[in-house]
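Work through the following exercises with the sequence and the 3D structure open beside you. Try each task on your own before you read its solution.

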Amino acid sequence: MVVRFEILDRDLSLRRNRNPIHHIESRIKSPVSIYEKLLRYGKDPTIGNLEEYLMDVAGVRVICSYKNDVKRLMGLLRSQDDLEIVRVKNYIENPKPNGYRSLHVIVRIPVYFMDSKEMVPVEVQIRTIAMDYWASLEHDLKYKAVAETHGLDIAGELQECSKIIEDMEERMQVLANALDAGQSKHSKLGK
């Protein structure tokens, strides 16, 4: 999946003179994390249960500059005929109650072995730089800084920050649209 997104980014860069992807992160769940998640699901920690119940053993996070880039990449994923989109959770249009925003997509991609091909699930998260910043802060506050946040309404502050970020992204998208329009106009004049 990382290579797919790198190729899409290069192709879009050539066609539109701008890279929609700021950066890409990937991870494989650790065996301990897989074991714990299966137990949380009430399943025995077996390979069969891993294959049947866990769709996020492999994960890719794609960080974009603008919300329209997120939509564009989702459209490009839908057009790829060798992968299967299993599930989409759009937390951008429908944020979680705490303010979390991101597009989550479970895909199955072909992985070729010596004598077989398997469709392997991968969790893809596509979000903007601002959404990623918010998620990183929320993660740190949730897991690392609990003792240092007494007296603050952390949940309320995070929700408010999420709204501010969403408003800022809308304003930044207006500027990006103007830039795109100017580049399109400039390229037409050059022909």
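**Exercise 1. A lysine and two rings**

Find the rings over which the charged end of lysine 96 sits, and give the distance to the centre of each ring.

Solution. Begin with tyrosine 100: in this predicted model, the charged end of lysine 96 sits over the ring of that residue, 5.2 Å from its centre. Then turn to tyrosine 91, where the charged end of lysine 96 also sits over the ring, here at 4.9 Å from the centre.

**Exercise 2. Aromatic pairs**

Determine how many aromatic pairs there are, and classify the geometry of each by the angle between the planes.

Solution. A pair of aromatic rings is described by the distance of the centres and the angle of the planes, so both values have to be read for each pair. The count comes to two aromatic pairs. The pair of tyrosine 91 and tyrosine 100 has its centres 5.9 Å apart and its planes at 65°; because an angle over 60 degrees counts as edge-to-face, this pair is edge-to-face. Tyrosine 100 also pairs with tryptophan 134, at 6.4 Å centre to centre and 55° between the planes, and this pair is tilted.

The next step is to place the second pair in the chain: tyrosine 100 belongs to the loop between strand E3 (84-90) and strand E4 (103-112), whereas tryptophan 134 belongs to helix H5 (residues 129-143), so that the pair links distant parts of the chain, 34 residues apart. Taken together, the ring pairs link Tyr91, Tyr100 and Trp134 into a cluster.

Finally, check the accessibility of these residues. Tyrosine 91 has a relative accessible area of 16% and is therefore buried, and tyrosine 100, at 10%, counts as buried too. Tryptophan 134 is likewise buried.

**Exercise 3. Buried or exposed?**

Decide whether glutamate 93 is buried, exposed or partly exposed.

Solution. Glutamate 93 lies in the loop between E3 and E4, and its relative accessible area is 49%. Buried means under 20% and exposed means over 50%, so glutamate 93, with 49%, is partly exposed. As for its position, glutamate 93 is 48 residues from proline 45 in sequence, and the two C-alpha atoms are 35 Å apart in space.

**Exercise 4. Strand E4 and its partners**

Describe how E4 pairs with E3 and with strand E5 (residues 117-128), and say why E4 can be called largely enclosed.

Solution. E3 and E4 pair in the antiparallel sense over six bridges, with arginine 87 standing opposite isoleucine 106 in E4. E4 and E5 also pair in the antiparallel sense, over ten bridges; within this pairing, the bridge partner of valine 111 is glutamate 118 in E5. Between E4 and E5 the chain forms a hairpin, which joins them through four residues. For the last part of the task, count the buried residues: seven of the ten residues of E4 are buried, so this strand is largely enclosed by the rest of the structure.

**Exercise 5. Valine 60 and the core**

Find out where valine 60 lies, what is in contact with it, and which residues have the most contacts inside the largest nonpolar core.

Solution. Valine 60 is in strand E2 (residues 58-64), and because its relative accessible area is 7%, valine 60 is buried. Leaving aside neighbours within four places in sequence, its contacts include Met1, Phe5, Ile24 and Val124. Methionine 1 is 59 residues from valine 60 in sequence, yet their C-alpha atoms are 7.1 Å apart.

The largest nonpolar core has 23 residues, and those with the most contacts inside it are Met1, Phe5 and Ile126. Helix H1 (2-16), E2, helix H4 (67-79), E4 and E5 each supply at least two residues of this core. Phenylalanine 5 touches, among others farther than four places away in sequence, Val60, Leu73 and Ile126. A second, separate core of eight residues includes Tyr91, Ala130, Leu141 and Ile165.

**Exercise 6. The two sides of a helix**

Identify which residues of helix H2 (residues 31-40) are buried, and which are exposed on the other side.

Solution. Ile34, Lys37 and Leu38 are buried in H2; they cover an arc of only 100° around the axis, which puts them on the same side of H2. On the other side of H2, Val32 and Arg40 are exposed. Helix H3 (47-53) is included in what covers the buried residues of H2.

Key: Residues are numbered from 1 along each chain as its sequence is written. This is a predicted model: local features need pLDDT of at least 70, side-chain atom pairs count only at pLDDT 80 or more; totals for chains, interfaces and linings use all residues. Side-chain values use heavy atoms; hydrogens and water are left out. Buried means under 20% relative accessible area, exposed over 50%, partly exposed in between (1.4 Å probe, protein chains only). Contact means heavy atoms within 4.5 Å. Rings of Phe, Tyr and Trp (its six-membered ring) pair if their centres lie within 6.5 Å; planes under 30 degrees apart count as stacked, over 60 as edge-to-face and the rest as tilted. A charge sits over a ring if NZ of Lys or CZ of Arg is within 6 Å of the ring centre and within 35 degrees of the ring normal. Two strands pair if DSSP finds at least two bridges between them. A nonpolar core is a set of buried Ala, Val, Leu, Ile, Met, Phe, Trp, Tyr and Cys residues joined through side-chain atoms within 4.5 Å. The arc is that of the directions from the helix axis to the C-beta atoms.
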